[in-house]
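Me: Could you help me learn how to read a protein structure, one feature at a time?

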Amino acid sequence: MAGAAVLSATHDLKTGVAAATRRRPLFDAHIHYNAEIAAILRPDAAIERLRDAGIVRAIVSSTPDHLTLDAYAAAPDLVIPFLRPYRSHADRGGWITNRDVLAEVERRLDKAPYRGIGEFHINPLAPQGSILPRLVQLAGERRLWILAHVSAPVIEQIYALDADARVIWAHAGGLVETAETVAAHMARYPQLVIELSLRSGLVEGGGVAPVWLGIFEMARGRVLLGTDTWINSRWDELMGEADDARRWLATLPPALADEIAVENGRRLFG
Ligand SMILES: [Zn+2]
Ligand SMILES: [Zn+2]
């Protein structure tokens with residue numbers, strides 16, 4: 001009896017902790033289910049990690065891409081599949097001028113109900129003769145989003161190719177741009193969406209830095225959270241990252257916090 005009571009108390013405690021950390025559901029725009037994590041975490045276990053962190057919807061892309069479809073099959077209610085152009089990590093370097101990569105993207109597009117293409121990297125600019133124009137065209141034809149880890153000039157290249165392109169700027173500045181540059185681009189391109197994974201300077205003294213608060217207010221409806229599980233250790237940090245986000249979200253006006261936490265993602269992706 002005593003053992004059962006202890007077990008029951010432990011269970012209640014665990015349930016209570018889980019309930020507390022789930023208190024604000026989150027939309028995560030930047031999850032990878034890459035081969036390295038798939039080797040040790042089956043799709044249902046990976047999905048469980050996301051749900052444990054209170055993530056209710058997630059944009060998932062993976063190297064290689066078929067792993068995204070495994071995650072999608074495990075949780076079509078949670079996973080929003082994006083087609084990643086990389087067949088292996090080696091593609092990350094020269095993919096943008098590689099016609100074989102383009103052929104593979106075109107071949108895969110009908111394999112699943114993809115909602116976007118990416119995450120991909122272009123630095124510093126897409127060169128002459130690159131496959132970017134065709135990718136932007138494909139995305140436009142199919143009303144797909146583009147998740148782009150790029151510099152500000154590449155955002156300009158994409159909108160020059162298609163003024164109506166649906167672009168999510170990964171890391172809210174591609175890990176290279178200042179907040180001021182991001183603000184200028186958000187003002188210049190009224191459809192541009194940012195996701196906040198690994199964004200430096202975002203949090204200041206426990207709250208959101210003034211420059212970012214200004215961007216959030218100016219770009220209502222166009223800001224998403226993101227974690228970026230680009231290496232396995234990031235999967236162990238999911239819960240902590242989610243709680244960190246909940247902490248700074250709690251310092252925002254409630255409506256703005258709800259939008260960034262989950263509502264913007266739901267409105268854009270259903
Ligand atoms: Zn990235
Ligand atoms: Zn990433």
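Reply: We will go through the sheet, the zinc site, the helices, some backbone angles and a pocket in turn, keeping in mind that this is a predicted model.

Me: How should I read the sheet, and in what order do its strands lie?

Reply: The general idea is that strands of a sheet pair through backbone hydrogen bonds, either parallel or antiparallel. Here eight strands form an open sheet with parallel pairing, in the order β1-β2-β3-β4-β5-β6-β7-β10. The edge strands, which each pair on one side only, are β1 (26-32) and β10 (223-224).

Me: Which residues face each other where two of these strands pair?

Reply: Take β2 (residues 55-61) and β3 (residues 79-83), which pair in the parallel sense over three bridges, and where Ile 59 stands opposite Ile 80 in β3. The strands β4 and β5 also run parallel and are joined by six bridges, with Trp 145 in β5 as the bridge partner of Gly 116.

Me: Is strand β5 largely enclosed or open?

Reply: Strand β5 (residues 145-150) is largely enclosed by the rest of the structure, because six of its six residues are buried. From β5, Trp 145, Leu 147 and His 149 point one way, while Ile 146, Ala 148 and Val 150 point the other way, and all of these are buried.

Me: Which residues are the protein donors of the zinc ion (ligand 1)?

Reply: To read a metal site, begin with the protein atoms that serve as donors, and then find their residues along the chain. For the zinc ion (ligand 1), the protein donors are Glu 119 (OE), His 149 (ND1) and His 171 (NE2), which lie 1.9 to 2.1 Å from the ion. In sequence these donor residues are spaced E-x29-H-x21-H. Distant parts of the chain are linked in this way, since Glu 119 is in strand β4 (residues 116-122) and His 171 is in the loop between β6 (166-169) and α9 (179-188), 52 residues apart.

Me: How far apart are the zinc ion (ligand 1) and the zinc ion (ligand 2), and which residue coordinates both?

Reply: The two zinc ions, ligand 1 and ligand 2, are 3.5 Å apart, and Glu 119 coordinates both. Glu 119 has a relative accessibility of 2%, and therefore counts as buried; His 171 is likewise buried, with a relative accessible area of 2%.

Me: How do I read a helix, and what can its length tell me?

Reply: An α-helix has 3.6 residues a turn, so residues three or four places apart point the same way. For the length, one compares the span between the end C-alpha atoms with the span expected at 1.5 Å a residue: the 12 residues of helix α12 (residues 238-249) should span 16 Å, and the end C-alpha atoms are 16 Å apart, which agrees. Among the buried residues of α12 are Leu 238, Ala 242, Ala 245 and Leu 249.

Me: Where does helix α13 bend?

Reply: Helix α13 bends by about 60 degrees at Ile 260. Helix α13 (residues 254-269) has 16 residues and reaches 22 Å from its first C-alpha to its last, close to the 22 Å expected at 1.5 Å a residue. Its buried residues include Leu 256, Ile 260, Asn 264 and Leu 268, and just after α13, Gly 270 takes a positive phi of about 80 degrees.

Me: Which peptide bonds are cis?

Reply: One of them runs from Thr 63 to Pro 64, with omega near -5 degrees, and Pro 64 lies in the loop between β2 and α4 (66-74). The peptide bond from Gly 118 to Glu 119 is also cis, with omega near -10 degrees.

Me: Is Asp 228, which has a positive phi, buried or exposed?

Reply: Asp 228 has a phi near 70 degrees, a positive value in a residue other than glycine, and this residue is buried, with a relative accessible area of 4%. Leu 198 has a positive phi as well, near 55 degrees, but Leu 198 is partly exposed, with a relative accessible area of 38%.

Me: How do I read a pocket, and which element gives the most to the lining of the largest pocket?

Reply: Rolling a probe the size of a water molecule over the atoms shows where empty space is left. The largest pocket has a volume of about 310 Å³ and is lined by 20 residues, of which Leu 196, Gly 226, Glu 241, Ala 245 and Trp 248 lie nearest its centre. The elements that give two or more residues to this lining are β1 and α12, and α12 gives the most, with six residues.

Key. Residues are numbered from 1 along each chain as its sequence is written. Chains are lettered from A and ligands numbered from 1 in the order in which they are written. This is a predicted model: local features need pLDDT of at least 70, side-chain atom pairs count only at pLDDT 80 or more; totals for chains, interfaces and linings use all residues. Side-chain values use heavy atoms; hydrogens and water are left out. Two strands pair if DSSP finds at least two bridges between them. Helices (H or I, at least four residues) and strands (E, at least two) are DSSP runs, numbered from the N terminus. The expected span of a helix is 1.5 Å times one less than its number of residues. The bend at a residue is the angle between axes fitted to the seven residues ending there and the seven starting there. Buried means under 20% relative accessible area, exposed over 50%, partly exposed in between (1.4 Å probe, protein chains only). Donors are N, O and S atoms within 2.8 Å of the metal (3.2 Å for Na, K and Ca); water is not among the atoms, so sites may look incomplete. On a 1 Å grid over the protein atoms alone, a cavity is a set of points where a 1.4 Å probe fits but cannot get out, and a pocket is an open set with protein on both sides within 12 Å along at least five of seven lines; lining residues have an atom within 4 Å of a point. Grid points are joined across faces, edges and corners, and a volume is the space filled by probe spheres set on the points.
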